[in-house]
Each structure stands twice: as C-alpha cells, then as structure tokens.
Amino acid sequence: MQRGFFLGEDQRIFRESLRRWLDERWSQSERRRLAASDPGYSREIWAGLAEIGALGAFLPERVDGAGGGGLDLMLTMEVFGRVLFRSPYLWTVAVCGPLLAVSGKRGDELLGQIVRGDVVVTAALAEPRSRYDLQHVEMRAERRGKGYLLSGSKSAVPYAAAAGWVLLPARTSGEARDMRGITLFLVEVDRKELDLLPFATADGGRAADLTLRNIEVDADGVLGEPGEGLKPLQRAVDLAILAQCAEAVGSMRTLLDSTVAYAKARQQFGATLGSFQALQHRMVDMFATTEMAALTRAGSSCADLGIEDPVDPRDAVAVKLQVDTASRLVGQEAVQIHGGMGMTDNLDVGHHFKRLTSMALTFADRGKLNERYRDLQRSSP
C-alpha cells in the first residue's frame, strides 16, 4: 500500500522523464488541431510512447511489456492529465488491456501490437438507452455455426475512427438488463457492415456512434466465457476509473499552479490578486482539495495490483466520488480567480475545466456512484 504514497526512485525517474518527453513534443495548439478531425490523436507521439516503453509499462512481460503494477499506470495517467494530453491510451491500455490479458493467444497478439504502438483498441460500453448500466445490453449476438452474427448500436465510442479493433459486449441470451447472457467480442472497425459516425467531444477528444449490421464474428473473436462477460468488463472499468482519477489529479495540479502564478502576476486595485486574503484562502482550499484527492487516489488498492488482478470495486467508487468533488471545486475556483479569461480558448484553464467536467461524467455520474456504493455495502459480508 505504501508504494502509492511514497514513490521509489524508479517511479520518480519514469514520471519526470515522461513529462519532459511530452513537454518537448506536445502543445495546446497541437491538441486543438488534432481535436478538429479524426483520428484525434498524434500517431507520431503514439509511436514515440511505444519506443520509450510508456505503452507497455503496465502490460505483461510475456508480450514484451514491462509488467509494471497499477502505480505505473497511475503515474502515466497523471502526467497525461498535467499536460492535457489526449490519446486513446486510457481505452486501449486501462479498459481493453485487462480483458485482452486474460483472453489467451488472440489477446496476447493484440497486446503485443499495442506495446509496439501498431494498433489502437477501444471499447464500446454505452448504448442509446443504457446510461451508465453496463448490464444494459440490447445488441444481439446470434449463433451461426461456430461463430456469431452481431447487430445493434453503440454510442459515443472513444477514438473509434482511430481504432483497428473495438471490444464490445453483446447479448447472447436473456433480456436487455439481465446480469448474465453478456458476451465480449472483438470486431475490426473497418468491416463494411459497421457504420461509423464520428464527432468531436466537448473536452477536445474524438468519439463515434457505431451501427453493426449482421457482422459475422468467428469463435476467435469471443473474449472469455460466452454469457459471462459482465464481471470481467466491470473489473476493467473499475481499473479505468482509478486511472482516470489519476489523470484528474494531474489536471488539478496544473490548474493550481496556473492559478497561483496568475494571482502573483495579475494587478488589481494597485495590488496583485495574490495579496488579497480572501483569494489566498481560496487558493489554499484548492491546494488542500487537490492533495486530498491525490492521497485518496494513491491509497487505493490499484497501486499494488497487476493487470490481471481485480480492483476492489469499493475503491473505484469511493475514489471517484472524492476526485469528482475535488475536480469541481478546483476547476470552478480556477476559472473564477482567472475571471473571464478563464474560459477563453487561448488559455489552458478553460480546457482543463472542460476535461475535468467530462471525466466526472465518464463511467458513472454522482448518482450512479452513490447507488452502486450502497449496493456494494449491502452485498459485502
């Protein structure tokens, strides 16, 4: 557990090296340019991340990854949050990585390609009427010989136009909200029976709505046990929740640094903003809230887990509740102290605020988190 609070020398070197590497190659003008069209990320930087080992830091050694633990994933995501770096990393590594890692030879082949930077894999978790319920799956998968025919729609699939493969749940039995009967499939994105409608997201990313029209998937395209896909999918999402919380902590730290620097330089009524006691108190609140969120994230069980180890779902829910609350306070205070400049396009503050707002609505909102936490408490021994 202590690894999450106290970084070793290797972790500190990795974090600072990755941050310096991105500082030399990533800029907000580049982010705006990439957000305007597909694929929505830099293929050159993605390949560079593979070369320096960042894509494989959390992936198993058997696929030429570094075999690192959850702390390596968290550190990577925090650096991404600090510089507002946008890429399919969260979905390829944190969501799809654990599912591919337990899927035998086919999964290992794709993981090896991810380590080398040769492929992007995304996950289609949402449907038009599913909201945040992973068990709400209306897409049907009908048995045809040794394979399946998939039909249905998926909504807001991150970086779908950039992906080579999409991992998606489809129903092989039962009704739309049954807990069992959900099977995980791998589908190539360039299939002619797959219609893709890409769009920009509010936080500068890219996504797409997918429609599948009787796509044939052979037995190799099935991940795990047919009909038992919900549990491993939920575990992967819980890991991704904690990874995204680390990104949020990085973003909050940048907002804090930017706000303090602005308050020291901005003159108002013949004095700097930072000299006003009321604003000093608000910036202290920002600092305390950010550090509390960082400690909460660092203290989660994920820090000591490998890619095939399950995350405690109560950790995922509790940490996200804390980090989402902190993100709201820090983001709003940063915008308020910057004044009208806080939401201008040429200042990073507004873009961090949009990203934090978007993250708070990803995977689950506050109402869904509270509901799930109550269910977990009732079911715990």
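Colleague: Happy to start with a single residue: where is the place of K231?

Modeller: K231 sits in helix α8, residues 230-265; helices are DSSP runs of H or I with at least four residues, strands are runs of E with at least two, and both are numbered from the N terminus. This is a predicted model, in which local features need pLDDT of at least 70, side-chain atom pairs count only at pLDDT 80 or more, and totals for chains, interfaces and linings use all residues. Residues are numbered from 1 along each chain as its sequence is written, and side-chain values use heavy atoms, with hydrogens and water left out.

Colleague: Is K231 buried or exposed?

Modeller: Buried means under 20% relative accessible area, exposed over 50%, and partly exposed in between, with a 1.4 Å probe and protein chains only. K231 has 57%, so it is exposed. Its C-alpha atom is separated by 8.9 Å from that of M179, 52 residues apart along the chain.

Colleague: Thanks! And why does D218 count as partly exposed?

Modeller: Because its relative accessibility is 46%. D218 lies in the loop between β7 (206-217) and β8 (222-223).

Colleague: Good. What about the whole protein: how many helices and strands are there?

Modeller: The protein has 12 helices and 10 strands. Of its 381 residues, 55% count as buried. Its C-alpha trace spans about 80 × 50 × 40 Å along the principal axes.
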